[in-house]
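Here are a few friendly notes to read alongside the model. Please have the sequence and the 3D view open as you go.

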Amino acid sequence: MSPGEPKQSCGSGRAAADRAHAAVTAERSAPRLSPGRSHRAALHPGAWWLWAVSLGVAATRTTNPLLLALLISASAYVVATHRSPAPWARSYTAFARLALAVLLVRVLFAVALGSPIPGTHTLLTLPEVPLPHWAQGIRLGGRVTAEAVVFAAYDGLKLATLLICVGAANALASPTRLLKSLPGALYETGVAVVVALTFAPHLIADVQRLRAARRLRGRPDRGVRGLLQVGLPVLEGALERSVALAAAMEARGYGRTAEVPARVRRTTAALTLGGLLGVCAGTYGLLTAAGGSYGLPVLLAGVGAALTGLRLGGRRSPRTRYRPDPWGPRAWLVTGSGAAVAALLTLASVRDPRALHPGVVPLVAPTLPLWPAVAVLLALLPAFVVPREPS
Amino acid sequence: MIRFEDVSVTYEGAARPTVAGVDFEVPEGELVLLAGPSGVGKSTVLGAVSGLVPHFTGGTLRGRVTVAGRDTRTHQPRQLADVVGTVGQDPLAHFVTDTVEDELAYGMESLGLAPAVMRRRVEETLDLLGLAGLRGRPIATLSGGQRQRVAIGSVLTPHPQVLVLDEPTSALDPAAAEEVLAVLQRLVHDLGTTVLMAEHRLERVIQYADRVVLLPAPGAAPVTGPPAEVMAVSPVYPPVVALGRLAGWSPLPLTVRDARRQAPALRTRLSATKPPAHTPATGDPATVTTGDPAAAAPADQGTTPATGTATTPATGDPAAVTPGGPAAVAAVPAGSRVAGAVRVGAVVPRPRGQAAPTPGRPPHRAPRTPVRRSFFRRRPAPAQEPPRGHLAEIRALSVRRDHVQALRRVDLTVAPGETVALMGRNGAGKSTLLGSLVGLVAPASGTVDVDGAVPLRTPPQDLVRRVGLVPQEPRDLLYADTVAAECAAADRDAAAAPGTCRALVSELLPGVADDTHPRDLSEGQRLALALAVVLTARPPLLLLDEPTRGLDYAAKARLVAVLRGLAAEGHAIVLATHDVELAAELAHRVVLLAEGEVIADGPTAEIVVSSPSFAPQVTKILAPQRWLTVAQVREALR
């Protein structure tokens with residue numbers, strides 16, 4: 001349009017070409033410079049899961065809302081800095097929403113159904129529904145005390161924190177990536193489990209699509225009836241897809257087995273079965289009063305036998321691993337930080353139960369205990385030791 | 001490499017074999033194309049190579065299939081995994097892991113290759129298929145062409161000697177299809193891989209084939225031979241072959257290049273006998289054509305949308321007819337224009353209410369000289385109906401889906417009787433645009449108006465009488481377990497007289513029994529059933545999403561006839577398609593989308609002629625002249 005434009009666009013075109021060229025050379029040289037670093041995950045997925053599960057354990061040790069909030073913030077910070085741009089990382093938002101819903105439901109129940117917590121600060125009085133005598137012990141409506149609501153909120157927050165920790169694990173490392181670390185003998189079962197798990201999201205997507213399609217037939221696309229009517233087609237579609245996937249997996253060599261001498265096969269079976277029996281007997285021994293002496297050794301022997309069985313069983317599968325995730329010092333640091341948080345909070349809950357479980361009767365404002373708070377901050381360690389994923 | 005010895009396959013419960021007397025051999029390093037109408041058992045033959053038929057599907061296989069010396073009777077598919085790589089119709093159903101790199105490694109892991117070997121082959125394959133930039137990407141975020149390449153790559157890494165592909169390019173846009181075919185070509189030429197593939201879109205693949213195995217009819221023995229010989233007798237053939245047969249060229253050309261060498265005589269004949277039929281229509285459209293999207297978009301918005309479509313053709317009309325040449329030519333359109341105008345006048349006031357009297361019209365009109373109609377049809381309709389020049393109007397529509405800007409300030413108007421083709425890459429926003437016309441997609445900004453209603457806020461039972469959409473997967477529309485039940489439900493949904501839908505089905509799909517399960521219909525039949533269901537409510541605006549995916553040429557021709565009839569009745573039709581031949585045959589206007597923006601909007605001839613990837617074969621062959629379809633040429637030669 002303007003006389004200057006062609007020139008300008010030409011210039012920008014050249015600049016773009018230069019950039020593209022630079023990008024290409026960068027891409028070509030990248031693998032040479034840092035083999036395996038650029039696109040692979042920076043950390044073993046197991047480390048992320050252990051870290052997140054440890055935080056979850058820590059959350060169960062306290063009801064102090066300040067500590068729980070600190071835990072949530074710490075995990076959220078790590079997720080915000082380290083989650084991958086992959087679609088499954090978006091599940092964090094879903095988990096956060098679910099956590100909020102759990103918290104609200106818990107409080108609503110306390111309000112509507114009453115609570116065993118005795119309280120004196122009446123917030124409001126709901127009309128109480130008289131129930132027949134056989135429903136004694138259940139109350140609908142009635143007095144709502146501040147103590148009951150606060151107690152429910154503390155409790156709900158604990159559950160919510162737990163859920164958010166699981167969400168963090170999902171966002172930081174997809175469960176499928178964990179699969180790669182399974183022992184060979186369990187790998188194929190693991191694949192089957194993961195395929196079954198992805199069935200659910202596909203099913204939900206199908207339901208949404210088919211409900212939307214009802215609109216095209218001139219039927220209401222909302223409501224329960226709509227959901228029921230698409231049920232059969234959805235299941236049919238999901239089943240067909242599963243069969244197609246199974247065919248593809250079969251054609252790609254899923255389930256190939258190697259020839260194993262009969263002796264090894266029999267040993268494997270004996271070890272696995274014996275090991276499992278040992279685990280059962282050992283656990284029983286540990287839990288009963290009488291078996292204190294033999295419990296632990298039997299349990300350990302059982303675990304050992306089962307592990308050997310698994311290892312031998314792996315020989316039947318000729319699978320190899322493509323670029324297994326290495327478990328390096330960073331993985332130790334991340335796992336260690338999580339474990340430290342869990343251990344320190346457990347310790348604190350024994351030493352100083354009052355600070356970690358602030359009282360509701362009488363109602364007092366929760367205080368932030370210094371040392372447990374510092375312990376929780378240890379959970380931030382991964383944010384500083386793990387390099388960020390390239391976006 | 002692959003050897004079929006008198007093979008027949010009978011599925012359980014079937015009265016007769018699906019394929020019989022299959023006896024051919026594919027030598028090493030050849031690319032062999034398996035062609036034939038739908039339902040002749042192409043997928044069965046492909047499945048027999050990988051051993052999935054009969055090990056996985058059940059049924060009885062007689063005869064013997066050997067691949068690289070291994071008999072599929074004694075070898076399970078998983079034991080053939082190192083010699084045969086199979087990619088099915090839907091690449092998404094093929095993926096086991098979530099990222100590109102892991103997917104490429106999966107097959108090798110199953111075979112137990114050494115880690116160092118796997119690493120090397122993954123890198124090689126990433127380069128070979130141009131996937132290096134995508135290695136860490138989650139598969140769910142890839143486009144259709146990229147997925148297809150990853151699927152091919154994932155079976156290539158174990159270095160199979162044989163590659164089996166079922167419709168590798170059907171779901172792809174023209175550019176992505178070429179990408180995939182280039183890769184196949186490279187495999188065959190550089191690595192000596194043997195490729196056996198089935199494909200309906202012969203115009204895309206026939207030139208790459210060394211040999212063609214044609215399955216002419218269900219249960220009939222295959223015909224094997226060089227492509228040119230087989231195409232001379234084949235019931236399915238691409239437009240270039242159709243033109244070659246029409247012009248009597250020998251040897252039969254398979255590529256545009258070969259055809260162009262033989263074309264000069266035809267070109268002179270065509271220019272001598274009659275000027276190209278659609279120059280009149282293309283005479284005017286300088287207003288909105290291809291080119292700079294930034295320049296085109298404001299121009300589009302500048303004219304008020306009501307007059308946008310109405311005035312452009314109208315002003316173009318006189319200018320167009322005068323240079324149109326011989327009076328004889330002008331007379332023909334003039335005569336039929338009157339007829340067209342009357343018909344539109346009869347149809348347009350009808351929209352709601354008295355739908356019943358004319359349920360079965362469209363198909364009867366179909367066979368009549370559609371080509372001419374295509375360029376005058378657009379004009380009379382707006383002229384007849386000044387108050388409402390357009391049936392659907394989209395203004396400055398933006399849509400966001402999953403954090404992606406699917407559409408950016410799109411403007412589009414559709415007039416009654418007009419057929420518009422939406423084209424563009426996979427993921428350019430075509431389906432989103434159609435979805436917003438039926439209220440499936442909520443706009444982020446902008447307005448959508450269909451027949452005076454806002455689709456998103458119109459209750460479904462009201463909306464079906466204004467606009468109907470046949471989705472990409474017609475099965476999504478079908479819930480019942482028999483055709484009759486489906487039709488009864490459609491009549492109820494549309495509040496139409498009982499039997500309306502069944503009458504439509506009988507016309508679109510002669511000879512389908514009432515108690516057939518919709519799932520047992522072929523792809524084309526299912527599409528026809530879904531179309532009938534949608535048409536039961538007589539919507540003046542009809543939308544189709546990728547209607548020709550998986551259709552053979554015969555089914556496509558039937559669809560074209562039906563849609564032309566509907567357009568002649570005054571229905572406005574919008575189709576999203578990758579099929580340039582379909583767009584050339586049907587559309588009055590082509591709208592090109594890229595990254596959610598309209599980059600070109602104008603008469604079909606104008607748009608497709610100027611674009612190398614969207615030009616149909618006939619256009620390329622007769623290049624300086626503007627012919628679009630074989631039918632046009634046939635008409636002109638008559």
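The points below take up the interface and then the interior of chain B.

1. This is a predicted model, in which local features need pLDDT of at least 70 and side-chain atom pairs count only at pLDDT 80 or more, while totals for chains, interfaces and linings use all residues. Residues are numbered from 1 along each chain as its sequence is written, chains are lettered from A in the order in which they are written, and side-chain values use heavy atoms, without hydrogens and water.

2. Start where the chains meet: chain A and chain B bury about 5100 Å² between them, 55% of it on carbon and sulfur atoms. Buried area is the accessible area (1.4 Å probe) that two parts lose on being put together, summed over both. On the chain A side, Arg217(A), Arg252(A) and Tyr322(A) lose the most area to chain B, together 19% of what that side buries.

3. Eleven salt bridges are found across this interface, each a side-chain nitrogen of Lys or Arg within 4 Å of a carboxyl oxygen of Asp or Glu. Arg519(B) forms one with Glu236(A), with the closest N and O atoms 3.2 Å apart.

4. Now look inside: the largest nonpolar core has 82 residues, and Leu541(B) is one of those with the most contacts inside it. Such a core is a set of buried (under 20% relative accessible area, 1.4 Å probe, protein chains only) Ala, Val, Leu, Ile, Met, Phe, Trp, Tyr and Cys residues joined through side-chain atoms within 4.5 Å. Another core, of 64 residues, lies apart from it and includes Leu31(B) and Val633(B).

Terms used: Buried < 20%, exposed > 50% of the residue type's maximum accessible area, 1.4 Å probe, protein only.
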